[in-house]
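Reader: Could you take me through one part of this model up close? I'd like to start with the surface and then see how the rest of the chain fits around it.

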Amino acid sequence: ALFDASAGLLHWEEFTVRVFEQAGRGARFSDSSELAERMKQIFRHGRSTVLAADPERPGHILDTAQHVKEAARRLMSTPCVQCPIFPEPENKLEDSEGKGESGDQDTK
């Protein structure tokens with residue numbers, strides 16, 4: 001990967017560039033005089049999927065959609081104790097009169 005750093009890099013961009021450079025899969029250029037040399041450097045590396053390899057399944061590329069779906073399922077299955085945004089019915093806060101957050105009398 002070739003990164004244009006001519007206008008500087010934001011901190012997360014700098015992190016990404018550094019990861020690619022340390023893996024030997026990326027280079028940056030800061031001005032037009034560096035561009036041609038950096039392009040030659042990158043073309044010498046050839047193509048690679050090493051940075052996208054799934055460490056749990058050698059020989060396979062990460063399936064990011066699967067990982068995001070699994071993370072979302074884990075998050076949604078986590079009980080939300082006293083959560084003001086999505087309270088579970090059994091975790092609703094009650095006031096001193098036995099009324100839930102909506103003000104309705106609790107029928108338990």
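Author: A quick definition before we zoom in: a residue counts as buried under 20% relative accessible area, exposed over 50%, and partly exposed in between. This is a predicted model, by the way. Now take Leu51: its relative accessible area is 38%, so Leu51 falls in the partly exposed class. Leu51 has company, too. Together with Phe15, Val19 and Val50, Leu51 makes up a nonpolar patch on the surface, and the four share about 350 Å² of accessible area.

Where does Leu51 lie along the chain? Leu51 is in the loop that links α2 (32–45) to α3 (64–76). Step back along the sequence and you meet Gly46, which follows α2 and has a positive phi, near 75°. The helix α2 itself has 14 residues and runs 21 Å from its first C-alpha to its last, close to the 20 Å expected at 1.5 Å a residue.

Zooming out, the protein chain has three helices and two strands, and they come in the order β-α-β-α-α. Of the 108 residues in the chain, 13% are buried. The accessible surface of the whole chain is about 8800 Å², with 57% of that belonging to carbon and sulfur atoms. As for contacts between residues at least 6 apart in sequence, 27% join residues at least 24 apart.

And the confidence? Mean pLDDT for the chain is 82, with 73% of its residues at 70 or more. Residues 100–108 are another story: pLDDT stays under 50 there, and the model has 10 contacts beyond four places in sequence for that stretch.

How values were computed: Residues numbered from 1 in each chain as written. Predicted model: local features only at pLDDT ≥ 70, side-chain atom pairs only at ≥ 80, totals over all residues. Heavy atoms only, no water. Patch = residues over 30% accessible without salt bridge, like charges linked within 9 Å, V, L, I, M, F, W, Y side chains within 5 Å. Areas by Shrake-Rupley, 256 points an atom, 1.4 Å probe, with all protein chains shown as cover. Salt bridge = Lys/Arg side-chain N within 4 Å of Asp/Glu carboxyl O. Helix = DSSP H or I, 4+ residues; strand = E, 2+ residues; numbered from the N terminus. Buried < 20%, exposed > 50% of the residue type's maximum accessible area, 1.4 Å probe, protein only. Expected span 1.5 Å × (residues − 1). pLDDT = per-residue confidence, 0-100. Contact = heavy atoms within 4.5 Å.
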